[in-house]
Amino acid sequence: MSDITVSIQLDRQQCRAYLRWLASQYEQAMADCWYSDRYRYVPEGLRAQRVLADHPHIAGISRSARSCASCWPRWGTAVKAMAREIRSEVLRRLQADYGLQPVQGTAYLRKGTCPSCGKRELYSRQDEPWFIRCGRESKCGEQWHVKELFEDLFDDWSKRAPATDDNPCATADSYLQFARGFDLGLIKGWYSQENYWDRDLGIGSATVRFALEKGGYWERLIDRPHRFGKKKARFAPGRARAAIGGARRAWTCWR
């Protein structure tokens with residue numbers, strides 16, 4: 001099959017919105033595959049490449065985002081702002097793990113070692129380090145999202161947005177808005193924030209819980225859910241079969 005080249009012309013606003021949408025689609029598609037049984041035991045350094053090889057649509061999203069992101073000096077603000085405390089830790093790890101070095105007077109980190117080709121052409125941005133990319137565009141050009149590299153920094157929503165007396169649903173709100181992309185104004189009152197504890201594993205998580213029309217509930221575990229294996233979501237104990245008919249609202253939110 002021959003390559004197909006698609007050329008589009010976008011103004012500044014369109015490109016910013018398109019890059020933001022591509023980034024969210026890539027994050028969601030990659031997250032759906034990352035801890036699936038098919039890739040669970042693939043070494044993390046090879047997992048992203050395997051997912052992209054097996055799923056052409058995700059690879060296409062990645063290449064489209066790369067093309068838009070090649071205009072970083074102009075379009076860098078298209079990607080949502082990274083929380084300050086996460087940004088500090090990401091920068092620390094990028095320097096420690098990949099040898100990236102801040103370039104004085106610029107917004108870039110450079111001279112990192114590319115995990116793919118091994119050359120010291122890896123770079124990222126200091127202000128919004130969402131991606132690392134190899135500068136050898138014609139011979140390598142690989143890129144990685146930091147969520148692929150440091151997933152532990154992004155999956156613990158209780159640490160990112162702890163619940164408070166004023167807002168007991170702060171963690172659930174943050175997860176739904178920033179991880180799932182929902183407009184909270186449209187789903188307010190549909191859910192509550194709860195907690196789940198797994199006695200066998202000795203670990204717990206905050207949850208986003210949806211009450212179901214026929215009784216019971218369905219909830220999504222949101223704090224590092226990969227620790228629970230396949231149990232990333234659950235029905236109220238003993239109510240799974242009866243609850244399925246009333247789960248339309250929850251399914252709609254997770255399509």
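# Aromatic pairs, two sheets and a buried helix

Counting two rings of Phe, Tyr or Trp as a pair if their centres lie within 6.5 Å, the count comes to six aromatic pairs. The structure is a predicted model. A pair of aromatic rings is described by the distance of the centres and the angle of the planes.

One of the pairs joins tyrosine 18 and tryptophan 21, whose rings are stacked, with 6.3 Å from centre to centre and 10° between the planes. These two residues are three apart in helix 1 (residues 12–34), so about one helical turn separates them. Tyrosine 18 is partly exposed, with a relative accessible area of 27%. Tryptophan 21 is also partly exposed, at 46%.

Another pair is made by tryptophan 157 and tyrosine 175, which meet edge-to-face: the centres are 5.7 Å apart and the planes stand at 85°. Tryptophan 157 belongs to helix 7 and tyrosine 175 to helix 8, so this pair ties together parts that are 18 residues apart in sequence. Tryptophan 157 and tyrosine 175 are both buried.

Tyrosine 175 leads on to the rest of its helix. Helix 8 covers residues 170–179, and seven of its 10 residues are buried, so the helix is largely enclosed by the rest of the structure. The buried residues are Ala170, Thr171, Ala172, Asp173, Ser174, Tyr175 and Leu176. What do the buried residues of helix 8 pack against? Their partners are helix 7 (157–160), helix 9 (184–187), strand 6 (191–198), strand 7 (203–211) and strand 8 (217–221). Helix 8 lies across these three strands and runs at about 105° to strand 6. Just after helix 8, glycine 181 takes a positive phi of about 80°.

The strands beneath this description belong to an open sheet of four strands, ordered 6-7-8-9, with antiparallel pairing. Strand 6 and strand 9 (233–235) are the edge strands, each pairing on one side only. On average, neighbouring strands of this sheet are turned by 30° against each other, direction ignored. Strand 8 and strand 9 run antiparallel and are joined by three bridges; glutamate 219 stands opposite arginine 234 in strand 9.

Side chains in this region also bring rings and charge together. Tyr191, Phe210 and Trp218 form one aromatic cluster. The charged end of arginine 209 sits over the ring of tyrosine 217, 3.6 Å from the ring centre.

A further open sheet has five strands in the order 1-2-3-4-5, and its pairing is antiparallel. Strand 1 and strand 5 (143–145) are at the edges with a single partner strand each, so one side of each has no neighbour in the sheet.

Following this sheet from strand 1, two bridges join strand 1 (residues 101–102) to strand 2 (residues 108–112). Proline 102 has leucine 109 in strand 2 as its bridge partner. Five residues lie between the strands of this hairpin, where glycine 105 takes a positive phi near 85°. On strand 2, the charged end of arginine 110 sits over the ring of tyrosine 108, 4.7 Å from its centre.

Three bridges connect strand 2 with strand 3 (residues 122–125), and the bridge partner of glycine 112 in strand 3 is leucine 122. Strand 3 in turn pairs with strand 4 (residues 131–134) over two bridges. In strand 4, arginine 133 is the bridge partner of tyrosine 123.

How values were computed:
Residues are numbered from 1 along each chain as its sequence is written. This is a predicted model: local features need pLDDT of at least 70, side-chain atom pairs count only at pLDDT 80 or more; totals for chains, interfaces and linings use all residues. Side-chain values use heavy atoms; hydrogens and water are left out. Buried means under 20% relative accessible area, exposed over 50%, partly exposed in between (1.4 Å probe, protein chains only). Contact means heavy atoms within 4.5 Å. Two strands pair if DSSP finds at least two bridges between them. Axes are lines fitted to C-alpha atoms, for helices over the stretch in contact, and angles run from 0 to 180 degrees between N-to-C directions. Rings of Phe, Tyr and Trp (its six-membered ring) pair if their centres lie within 6.5 Å; planes under 30 degrees apart count as stacked, over 60 as edge-to-face and the rest as tilted. A charge sits over a ring if NZ of Lys or CZ of Arg is within 6 Å of the ring centre and within 35 degrees of the ring normal.
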